[in-house]
Amino acid sequence: MSEGETVTLLRSGAVLPRAIKLTVVAGPDAGATATAPQSAVAGRAKQADLVLTDASVSSFHVEMRVTIHGVEVRDLDSRNGTFFEGARIARATLPPGASIVIGKTTIAIDQAAADESESPLLASFGALVAASSEMQALFAWLERIAKSDVAVVVEGPPGSGKNLAARAIHDASNRRDKSFATIDCAALPSEVAERAFESEAAGDGTLHLDAIDELSPELSAILARTLESARARVVSTSRRELRALVNRGKFREDLYARIAQARVVIPPLASRSEDVAPLVRHFLAAIPEGVQAAREVSREALADLTRRNYPGDVRELRGVVERAAMVAKGSIIGPADLAFAQIVAAGADERDVAPFKDAKRSIVDAFEREYLEALVGRTGENLSRASILSGLDRHHLRELLRKHGLRKS
């Protein structure tokens with residue numbers, strides 16, 4: 001499963017109708033074939049779907065994926081490139097039956113009949129919800145692999161829900177009653193790394209390696225050695241594509257082999273706008289019952305939310321929805337509750353034209369105070385609840401409250 005377009009389905013319970021078939025028609029591995037659901041990777045690594053012996057091919061050379069428009073071919077930062085009809089391509093959509101050249105190998109790409117045993121689509125998986133067929137197919141795949149003990153790597157942009165997926169894999173596994181331990185690979189002190197790896201890998205639960213793409217070369221070697229005898233099930237998360245990092249020598253191939261027996265990619269929210277509505281309703285339903293906040297959203301506000309861009313992905317959408325719910329005048333979120341831009345426009349007519357930086361700071365301060373006053377009104381002195389509802393770190397929230405005279409200590 002990878003980012004971008006997929007076959008479009010209309011409802012849960014259906015199955016994806018196509019698979020992809022690769023055939024080596026020329027080169028050292030002529031005659032070799034591979035069939036995979038939806039997408040396949042060709043390369044020298046043992047984890048590739050089509051494993052090649054051609055020395056001029058990279059470990060993970062090229063990915064091919066069935067879409068409604070044909071077969072999308074994406075070079076994975078390979079050393080010698082991917083070629084179609086003599087032209088080097090980074091990403092292209094080709095018709096079924098087309099052939100590509102990688103190194104000394106020519107591969108014919110075609111579609112194949114889907115596996116009838118493919119899992120039905122799911123509307124949710126753990127704390128993750130979606131309406132798009134792409135995400136519902138991903139949920140079905142996650143549920144299927146969760147019941148095994150294979151090591152899984154979950155990739156996706158920041159804020160897309162990778163850590164929620166890791167937790168949901170654990171909760172749906174046979175180890176759900178065991179521990180779920182997270183190690184932040186981006187902030188792990190080297191002096192305690194080996195002890196941390198050994199301690200958590202020795203357990204019977206799930207070891208979640210967060211931000212594994214940020215692991216230093218020194219700690220990567222220690223982790224690879226530790227995982228040779230690990231008893232814990234390993235689930236890793238990464239904001240970057242590890243296969244491309246392997247090709248560039250930025251990630252150890254032996255470590256990748258241990259942590260990526262299965263791989264899933266959470267696509268960015270920008271590519272699946274149909275998921276905004278179920279996510280909005282999910283976030284509103286998750287606000288604690290004792291908190292005074294809007295629980296519904298108007299059609300106009302939902303349309304506004306669907307049109308917006310979210311650089312921070314699903315996490316940013318959640319923050320927007322929760323803040324709007326807290327400051328909403330009634331029980332239903334309307335466009336006026338969402339539009340920070342409308343606050344800017346309303347204030348602009350009442351102020352003399354000032355330097356941009358000063359005007360922006362003034363408006364931001366006014367918004368901060370209005371929002372924080374509403375937040376304090378809902379949560380009182382409970383800083384923990386305020387932090388959860390606002391999505392702000394406790395320390396940062398405390399400083400903002402002090403700045404606006406809403407907290408003394």
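The following exchange goes through how some terms are applied to this predicted model.

User: What makes up the protein chain in terms of helices and strands, and how much of the chain is buried?

Analyst: The protein chain has 14 helices and 20 strands. Of its 409 residues, 48% are buried.

User: Why is Leu372 called buried?

Analyst: Buried means under 20% relative accessible area. Leu372 has 2% relative accessibility, so Leu372 counts as buried. Leu372 lies in helix α12, residues 356–379.

User: Which residues are in contact with Leu372, leaving aside its neighbours within four places in sequence?

Analyst: They are Leu397, Leu400, Leu401, His404 and Leu406. Contact here means heavy atoms within 4.5 Å. For one of these residues, Leu397, the C-alpha atom is separated from that of Leu372 by 9.0 Å, and the two are 25 residues apart along the chain. Across the protein chain, 63% of the contacts between residues at least 6 apart in sequence join residues at least 24 apart.

User: Why are helices α7 and α9 called oblique to each other?

Analyst: Their axes cross at roughly 50°. Angles under 35 degrees count as roughly parallel, 65 to 115 as roughly perpendicular and over 145 as roughly antiparallel, with the rest oblique. The crossing falls in none of the named ranges, and α7 and α9 are therefore oblique. The axes of α7 (residues 276–286) and α9 (residues 313–327) come within 10 Å, and the crossing is right-handed.

User: Which residues make the contact between α7 and α9, and how do they divide into nonpolar, polar and charged?

Analyst: From α7 come Val276, Leu279, Val280, Phe283, Leu284 and Ala286. From α9 come Val314, Leu317, Arg318, Val321 and Ala325. The residues divide into 10 nonpolar, no polar and 1 charged. Arg counts as charged, so the charged residue is Arg318 of α9.

User: What makes β4 and β9 edge strands?

Analyst: The open sheet has 5 strands in the order β4-β3-β5-β6-β9, with mixed pairing. β4 (50–51) and β9 (91–94) each have a single partner strand, so one side of each is left without a neighbour in the sheet.

User: How do you know that β3 and β4 pair?

Analyst: Two strands pair if DSSP finds at least two bridges between them. Strand β3 (residues 39–43) is joined to β4 by 2 bridges, so the condition is met. The two strands run parallel, and Gly43 stands opposite Val51 in β4.

User: What makes β14 and β18 a pair, and where do they stand in their sheet?

Analyst: Strand β14 (residues 152–155) and β18 pair in the parallel sense over 4 bridges, where at least two are needed. Val154 stands opposite Val264 in β18. Their open sheet has 5 strands in the order β15-β16-β17-β14-β18, and the pairing is parallel. The edge strands are β15 (180–184) and β18, each pairing on one side only. On average, neighbouring strands of this sheet are turned by 20° against each other, direction ignored.

User: Which way do the residues of β18 point, and are they buried or exposed?

Analyst: In a regular strand, side chains alternate between the two faces of the sheet. In β18 (residues 262–265), Ala262 and Val264 point one way, while Arg263 and Val265 point the other way. All of them are buried.

Note on methods: Residues numbered from 1 in each chain as written. Predicted model: local features only at pLDDT ≥ 70, side-chain atom pairs only at ≥ 80, totals over all residues. Heavy atoms only, no water. Axes fitted to C-alpha atoms, helices over the stretch in contact; angles between N-to-C directions. Left-handed = near helix turned anticlockwise from the far one by under 90°. Buried < 20%, exposed > 50% of the residue type's maximum accessible area, 1.4 Å probe, protein only.
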